[in-house]
Amino acid sequence: ALADGYLYQSCEAGIRYSLSLPITSLVLGINTMEYLKNDLSLANNFIPMFSNEKEKLYSEAPELGNYVCRQCKKCDGILKINPSEIFMIEGIFDRQMEDGFIPDPSVYALRERLKHWFGQKEKALKEYIDQSVKVDPENDYSELNKTCPYNIDINRKLKLAHSKLSKEGYLF
C-alpha cells in the first residue's frame, strides 16, 4: 500500500487506494502499536476511493511529484514511442526514484535506500534491450510534455530513463 515506504507522506490515502482495488490481502508494515491501531481503524471504517479521489491522489501525492509516471498512457504512440512502457521498465530498475535532482538530504537518503529494494536491475536492463523502440538521446520529445496531466517533462524523463537502462551513463 505504501510502496515499501516510498509513500510515507500519503499513508492513509495509500491504504485506502489499495483497499479499493480488487485485492485478496494487503501487507502493511506495522512498526508500532499506534500504526496497528490506525491501520485497523482505516480497515474497519473503510470507504472505497472513488475515481475522482484517485485522480486527486495521483496529482497531489508529494512523493510522486512531477517525475513518477502514473501510467495514464496519454503520451503513448504520438512519436512512434510509448513512454509509459519505458517508464514501466524504469520503475522495475529503480522504482522511478532517481530523477536526477538532489532533494533535501532525508528524501535523498530514503530514495537511495529504497530505489533498488526489489533487486530487479538486471531484469530491467534486459527488458529495455529487448524493446523494439528505444529512446534516441538525440531526439527532441518535448512535444509529449503537453500531453502529461502531471506536468512530467517527458523529454527529460525519457532521456534519463534511457541513460539508466542503456548503461550509457547519465546525459545530464
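These are my notebook entries on a predicted model of one protein chain.

**Entry 1: the whole chain**

I began with the secondary structure. I counted seven helices and zero strands in the protein chain. Read from the N terminus, the order of elements is α-α-α-α-α-α-α.

Next I looked up the overall dimensions. The C-alpha atoms fill a box of roughly 55 × 30 × 30 Å along the principal axes. I then checked the radius of gyration. The chain has 17 Å, and a compact globule of 172 residues would have a value near 16 Å, so the two agree.

I turned to burial and surface. Of the 172 residues, 35% count as buried. The chain exposes about 10300 Å², and carbon and sulfur atoms supply 54% of that area.

I also looked at how contacts spread along the sequence. I took the contacts with a separation of 6 or more; residues 24 or more positions apart account for 63% of them.

Last for this entry, the charges. I found 22 positive and 25 negative ones in the chain. Their mean positions are 2 Å apart.

**Entry 2: Tyr 17**

I went to helix 1, residues 11-19, and picked Tyr 17 there. Is Tyr 17 buried or exposed? Neither label fits: its relative accessibility is 21%, so it counts as partly exposed. The cut-off matters here, because buried means under 20%.

Which residues does Tyr 17 touch, leaving aside its neighbours within four places in sequence? I listed Met 49, Lys 54, Leu 57 and Tyr 58. With Tyr 58 there is also a polar contact between the two side chains, at 3.2 Å.

I noted one C-alpha distance as well. Tyr 17 and Ala 1 are 16 residues apart along the chain, and their C-alpha atoms are separated by 7.6 Å.

**Entry 3: Asp 94**

Asp 94 sits in helix 4, which spans residues 83-94. I looked up its accessibility and found a relative accessible area of 0%, so Asp 94 is buried.

What does the side chain of this buried Asp 94 reach? One partner is the backbone nitrogen of Gln 96, at 3.0 Å. Another is Lys 164: a polar contact of 2.7 Å joins the side chains of Asp 94 and Lys 164.

I then listed the contacts of Asp 94 beyond four places in sequence. They are Lys 115, His 116 and Lys 164. Lys 164 thus appears in the contact list and in the polar pair.

**Entry 4: two leucines of helix 7**

Helix 7 covers residues 154-165. I checked two leucines in it, Leu 160 and Leu 165.

I took Leu 160 up to begin with. Its relative accessible area is 2%, so Leu 160 is buried. How far apart in space are Leu 160 and Gly 100? Their C-alpha atoms are 7.6 Å apart, while 60 residues separate them in sequence.

Leu 165 came next. Leu 165 is buried too, because its relative accessible area is 2%. Leaving aside neighbours within four places in sequence, I found Leu 165 in contact with Ile 86, Ile 89, Glu 90, Phe 93, Ala 124, Leu 125 and Tyr 128. For one more distance I chose Lys 37. Leu 165 and Lys 37 are 128 residues apart along the chain, with C-alpha atoms separated by 42 Å.

**Entry 5: two positive phi angles**

I wanted to look at backbone angles. Most residues other than glycine have a negative phi. I noted two residues with positive values.

Lys 73 has a phi near 70°. It lies in the loop between helix 3 (51-60) and helix 4. I looked up its accessibility: the relative accessible area is 46%, so Lys 73 is partly exposed.

Asn 151 has a positive phi of about 60°, although it is not a glycine. Where does Asn 151 lie? I found Asn 151 in the loop between helix 6 (121-129) and helix 7. At 61% relative accessibility, Asn 151 counts as exposed, because exposed means over 50%. I closed with a distance: the C-alpha atoms of Asn 151 and Cys 69 are separated by 10.0 Å, and the two residues are 82 apart along the chain.

Note on methods
Residues numbered from 1 in each chain as written. Predicted model: local features only at pLDDT ≥ 70, side-chain atom pairs only at ≥ 80, totals over all residues. Heavy atoms only, no water. Helix = DSSP H or I, 4+ residues; strand = E, 2+ residues; numbered from the N terminus. Rg over C-alpha atoms; globule rule 2.2 N^0.38 Å. Buried < 20%, exposed > 50% of the residue type's maximum accessible area, 1.4 Å probe, protein only. Contact = heavy atoms within 4.5 Å. Areas by Shrake-Rupley, 256 points an atom, 1.4 Å probe, with all protein chains shown as cover. Lys, Arg positive; Asp, Glu negative; His and termini not counted. Charge placed at Lys NZ, Arg CZ, Asp CG, Glu CD. Polar contact = N/O pair within 3.5 Å; in protein donor to acceptor, adjacent residues only side chain to side chain.
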